[in-house]
Amino acid sequence: MRNLFLIFSICILASCSNDDESKPSIDNFYGSWEKTENISAEKFDLDSNYNYSVKQELNLNRDNSFEWFISIIKIDNGNIMGYRQKEIGTFSQNGHKLIFNFDRFQPEQNSESNPYILSTLENLILTDQNVTMDYNFKVFNNYKTLLFDFPNCEPNNTCPADIELNKVE
């Protein structure tokens, strides 16, 4: 009986994995990642005869610089209707966290403007400088899917939704 317990204990310990052992290599993150999802034309004062998507594009470069664009595209032809945001900076990895240091650019707004204004890439203005964000992440599908896993937050707080990006081939 004692030997059976010992064998069972060894099997249980052997089946447990340590997160440090399965730490993804940063080399697997370099490249372009995208996510698109449908949006309402009315939200952005666009022609409601067409369908639109919000597209997030994250480019992670080998020199550990990055660019993250959020644009609105017309679904039928893929044309960019305008940009909502651009972030540029550097990134690093610490275990299962990606740490981003960046400047954020958005359309110029005033208190009376629609919060969903679009702009050309060249006309985005610097709104936040030297921002540092770290994101818990997971990878799936042989490093083809990258999930930024945001923690749950307190009731009545605005919490970011998880972001799932797919590798662009």
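Is Gln 93 buried or exposed? Its relative accessibility is 17%, and the cut-off for buried is under 20%, so Gln 93 counts as buried. Keep in mind that this is a predicted model. We'll come back to this glutamine once the rest of the chain is laid out.

Let's start with how far to trust the coordinates. The mean pLDDT of the chain is 83, with 79% of the residues reaching 70 or more. The stretch to be wary of is residues 1-21, where the pLDDT is below 50. Beyond near neighbours in sequence, that stretch has 1 contact in the model. Where pLDDT is low, the predicted coordinates should not be read in detail.

Now for the overall layout. The chain has 1 helix and 8 strands, and reading along the sequence gives the pattern α-β-β-β-β-β-β-β-β. Of the 169 residues, 31% are buried. If you take the contacts with a sequence separation of 6 or more, 48% of them are between residues 24 or more positions apart.

How do the strands connect? Take β1, residues 31-39. It runs antiparallel to β2 (residues 52-60), and 9 bridges join the two. Strand β1 also pairs with β8 (residues 163-167), again in the antiparallel sense, over 2 bridges. Trp 33 is a handy residue to click on here: its bridge partner in β2 is Leu 58, while in β8 its bridge partner is Lys 167. From β8 you can step on to β7 (residues 145-148), an antiparallel neighbour joined to β8 by 4 bridges. In that pairing, Phe 148 stands opposite Ile 163.

Phe 148 leads straight into the aromatics. The structure holds 13 aromatic pairs. One of them is Phe 100 with Phe 148: the ring centres are 6.1 Å apart and the planes meet at 70°, so the pair is edge-to-face. Since Phe 100 lies in β5 (residues 97-106) and Phe 148 in β7, this pair ties together parts that are 48 residues apart in sequence. Both phenylalanines, Phe 100 and Phe 148, are buried. They also belong to a cluster linked by ring pairs, whose other members are Tyr 30, Phe 66, Trp 68, Phe 91, Phe 102 and Tyr 135.

Rings turn up with charged partners too. The charged end of Lys 74 sits over the ring of Tyr 50, 4.0 Å from the ring centre. Lys 86 lies over the face of Phe 105, and there the figure is 4.6 Å from the ring centre.

Back to Gln 93, then, which sits in β4 (residues 80-94). What does the side chain of this buried glutamine reach? One polar partner is the backbone nitrogen of Ile 26, at 3.1 Å. Another is the backbone oxygen of Gly 95, at 3.0 Å. Leaving aside residues up to four places away in sequence, Gln 93 touches Lys 23, Pro 24, Ser 25, Ile 26 and Phe 29, and also Leu 98, Ile 99 and Phe 137. Ile 26 therefore shows up twice in the surroundings of Gln 93, as a contact and through its backbone nitrogen. With 17% relative accessibility, Gln 93 is a buried residue whose side chain reaches backbone atoms of Ile 26 and Gly 95.

Definitions and conventions
Residues are numbered from 1 along each chain as its sequence is written. This is a predicted model: local features need pLDDT of at least 70, side-chain atom pairs count only at pLDDT 80 or more; totals for chains, interfaces and linings use all residues. Side-chain values use heavy atoms; hydrogens and water are left out. Buried means under 20% relative accessible area, exposed over 50%, partly exposed in between (1.4 Å probe, protein chains only). A polar contact is a pair of N or O atoms within 3.5 Å; within protein, one must be able to donate a hydrogen and the other to accept it, and residues adjacent in sequence count only if both atoms are side-chain atoms. Contact means heavy atoms within 4.5 Å. pLDDT is the predictor's confidence in each residue, from 0 to 100. Two strands pair if DSSP finds at least two bridges between them. Rings of Phe, Tyr and Trp (its six-membered ring) pair if their centres lie within 6.5 Å; planes under 30 degrees apart count as stacked, over 60 as edge-to-face and the rest as tilted. A charge sits over a ring if NZ of Lys or CZ of Arg is within 6 Å of the ring centre and within 35 degrees of the ring normal.
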